[in-house]
Amino acid sequence: MSTPILQAEKITKRFGAVTALRDVTFDLRAGEIHALCGENGAGKSTLIKTLSGIHPAGSYDGRLLMEGKPVAFKSTKDAEAHGLAVIYQELAMVPEMSVAENIFLGQEPMKRGLVDWLTVVERAKQLLQRFKLDIDPEARVGELGVGQQQLVEIVKALSKRSRLLILDEPTAALSDTEVGILLDILRGLRADGVTCVYISHRLEEVLAISDRVTVLRDGQTIETLETAGLTQADIIRRMVGREITELFPRRATAPGEPMLTVKGLAVRRPGDGKQVLHDVTFDVRSGEVLGIGGLMGAGRTELLMHLFGAFGKRTAGSVTLRGTPLADPPHRAIERGLVLVSEDRKRYGLILDRDIGFNMSLSSLRAVVGPAGLIREDAEVKRNQAMFKSLRVKAPDLDTVVGGLSGGNQQKVVLGKALLTQPKVIFLDEPTRGIDVGAKVEVYELVNQLTAAGQAVVLVSSELPELMGMSDRIAMLHEGTVGGIFTRAEATAEKLMAAALGHTSDERVA
């Protein structure tokens, strides 16, 4: 067998008293797609940063070898010089610049001391054509969808002649069509001898694309396995150290009175005044999970943001919360018992450079303000500590800075912040995006606890299995309106997709 292109031998990385990686060992073969799996907090991000020079040589124990020779990356530039590139979930693009300018940023071809812009555009066009991407090299990156931006990021990495590509959750924001394009690109790269490390919580993709899988748990290598013959259950068992027999453990409760009622709602977007929602009608009852699905751009997030008072101008229709008209800004909506957990936790849900306790208190400080108008710190810490323990946040204490937590634990802090408002109706917008299967099950169990206590949950998800597994009823949006509402018993993947595409009931039968 040929020498591995990269080997990690007994990598141990500590942050103070916390050991993030302990004796991690694995290797990468030339021209393979190697999946890296593990729960949030398992050490995947730390390992990536170690391999790519963000954690420089000397800051960790163990060693790295490329093609059998020891390497000591002092920086990301050093790693790139050896042909290693990382594409992170948070894209590093400049929105105001063109696609071509982003692809060659920092490595622009020069002519007589000036950037040769004609060559920049021509080379970018050639790269895009090579990967069969119908993207204008002169288009502004900010005008592209997130999926197209992700694909441009990959082209940028390959323009540097990278021979080892690490992709961190590359499909988290992609549509099914874009996922297919990406996987085809990766298969082509494998055929060309490029090695890829593929990190994803979507295990169906891992099984479809990878040659081998390495599982991390609690900062340690559990096992490296050939993908052929593996099942999702095999990987999950190694990730969490136990059997998870039910991925969607929905425990239905008898629904009560309507908590939120929406009738004929129409909303225009601020700025350009474009109609984004029209004739939206549905309700959600106490003890019920109403799932909301639809294709990208169907208006799911806009709907939740508007109902929460944070988006758009209502031009028609009515909304009532427990029988009373609702048209309040977010702080009043929270006071009335409505709360939103945004899909973009880092942008809208957290202050990343502050600690867990600070973040948890943000939406419910009035509950711990004393008669003199000052925060009663003892009461604040007591209730935050109870929530911290209840949600099983993996962190030393409430003083831990949120930005250093894994995605799953950041999501728990966002959920804790929302639950401390004591809501009657809770909006969950993609609550399990980018978190591992173990953390997902914990979110689902939390949903069960909320509905068992009589609260109403509106669950937005782009994953049909999640919608079908955790919802009592499902409303599918199509171009800003409701394409169909289905009970749990009625819902099939075919019916839901037909409604999302705007097909009539006759067309669905056909």
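These are my notebook entries on one acidic strand residue, one pocket and two loop residues in a predicted model.

**Entry 1: Asp61**

I looked up Asp61 and found it in strand 4, which covers residues 61–66. I then checked its exposure. The relative accessible area of Asp61 is 42%, so I noted the residue as partly exposed, between the limits of 20% and 50%.

Next I listed its contacts, leaving out residues up to four places away in sequence. Asp61 touches Lys10, Ile11, Thr12 and Arg14. With one of these, Arg14, I also found a polar contact between the side chains, at 3.1 Å. I took one C-alpha to C-alpha distance as well: Leu21 lies 9.6 Å from Asp61 in space, while 40 residues separate the two in sequence.

**Entry 2: the second largest pocket**

I moved on to the second largest pocket and noted a volume of about 590 Å³. I counted 27 residues in its lining, and those closest to the centre are Phe308, Ile334, Val339, Ser363 and Thr421.

Which elements each supply at least two residues of this lining? I wrote down helix 10 (330–335), strand 18 (338–341), helix 11 (345–349) and helix 14 (407–419). Helix 10 gives the largest share of the lining, with four residues.

I also sorted the lining of this pocket by residue class. The lining has 15 nonpolar residues, seven polar ones and five charged ones.

**Entry 3: Glu169**

I searched for positive phi at residues that are not glycine, and wrote up Glu169 with a phi of about 50°. I placed Glu169 in the loop that runs between strand 9 (164–168) and helix 6 (176–191).

Is Glu169 buried or exposed? I recorded Glu169 as buried because its relative accessible area, 6%, falls under the 20% limit.

**Entry 4: Arg322**

I wrote up Arg322 for its backbone too: its phi is positive, about 50°, and the residue is not a glycine. Arg322 sits in the loop between strand 16 (313–321) and strand 17 (324–325).

For exposure, I noted a relative accessibility of 43% at Arg322. That value lies between 20% and 50%, so Arg322 goes down as partly exposed.

**Entry 5: the two loop residues side by side**

I set the two loop entries next to each other. Glu169 has a positive phi of about 50°, and Arg322 likewise has a positive phi of about 50°. Glu169 is buried, whereas Arg322 is partly exposed.

Notes:
Residues numbered from 1 in each chain as written. Predicted model: local features only at pLDDT ≥ 70, side-chain atom pairs only at ≥ 80, totals over all residues. Heavy atoms only, no water. Buried < 20%, exposed > 50% of the residue type's maximum accessible area, 1.4 Å probe, protein only. Contact = heavy atoms within 4.5 Å. Polar contact = N/O pair within 3.5 Å; in protein donor to acceptor, adjacent residues only side chain to side chain. 1 Å grid on protein atoms, 1.4 Å probe; cavity = no way out; pocket = protein on both sides within 12 Å on 5 of 7 lines; lining within 4 Å. Points joined across faces, edges and corners; volume = space filled by probe spheres on them. Nonpolar A, V, L, I, M, F, W, Y, C, P; charged D, E, K, R; others polar.
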